[in-house]
Structure formats: structure tokens, C-alpha cells
Amino acid sequence: MFDLEEKEEDLRKVGFYDPIKNQTYLNVPAILYFLEKGAQPTGTVQDILKKAEVFKELGPNQTKFN
């Protein structure tokens, strides 16, 4: 079981994307932390992270997602 407030805090830590205003904020250290712990980004999130070149910070074997 997880604490909803804790989960929402984690979501705020990694950033946001507003397609209407075309605004993106990415907390790259937090994103890298969660990816290194095994987080699986959705296809849309993968596209955003690729565009922002976040995956360049990871090793080649850490960019394979299910």
C-alpha cells in the first residue's frame, strides 16, 4: 500500500508537460533516479525525455524499456 500524498509528491518532483502551452519542466536528477530504480516511462514520456536528451545521462543498457 502507498500513501497518496507521498505518491503525489513524487509525481511533482519529476516535472510536467503542458501541450497546450507547449511548456515542459523536467527535474532531470529525479527522473534519472526513478529510471535507475526501474521506473518504466510510457511511450509519450519516453518521447518527451528523448527530445530533452535525458537518456544521454544513462548508460546504454538503462534505456531499454518494456
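The following dialogue discusses a predicted model of a protein.

Colleague: What does the secondary structure of the protein come to, and in which order do the elements run?

Modeller: The protein has three helices and two strands. From the N terminus on, the order is α-β-β-α-α.

Colleague: Which residues of helix α2 are buried?

Modeller: Helix α2 covers residues 28-36, and A30, I31, L32 and L35 are buried there. Buried means under 20% relative accessible area. In the protein, buried residues make up 17% of the 66 residues.

Colleague: Why is Y33 called partly exposed?

Modeller: The relative accessibility of Y33 is 46%. Partly exposed lies between the limits of 20% and 50%, and therefore Y33 counts as partly exposed.

Colleague: What makes F34 partly exposed?

Modeller: F34 has a relative accessibility of 25%. Because buried requires a value under 20% and exposed a value over 50%, F34 counts as partly exposed.

Colleague: How many aromatic pairs are there in the count?

Modeller: The count comes to two aromatic pairs. The rings of Y33 and F34 have centres 5.2 Å apart, and centres within 6.5 Å make a pair.

Colleague: Why is the pair of Y33 and F34 called edge-to-face?

Modeller: A pair of aromatic rings is described by the distance of the centres and the angle of the planes. The planes of Y33 and F34 stand at 75°. Planes over 60 degrees apart count as edge-to-face, so this name applies to the pair of Y33 and F34.

Colleague: What phi does G38 take just after α2?

Modeller: G38 takes a positive phi of about 105°.

Conventions
Residues numbered from 1 in each chain as written. Predicted model: local features only at pLDDT ≥ 70, side-chain atom pairs only at ≥ 80, totals over all residues. Heavy atoms only, no water. Helix = DSSP H or I, 4+ residues; strand = E, 2+ residues; numbered from the N terminus. Buried < 20%, exposed > 50% of the residue type's maximum accessible area, 1.4 Å probe, protein only. Phe/Tyr/Trp six-rings, centres within 6.5 Å; stacked < 30°, edge-to-face > 60°.
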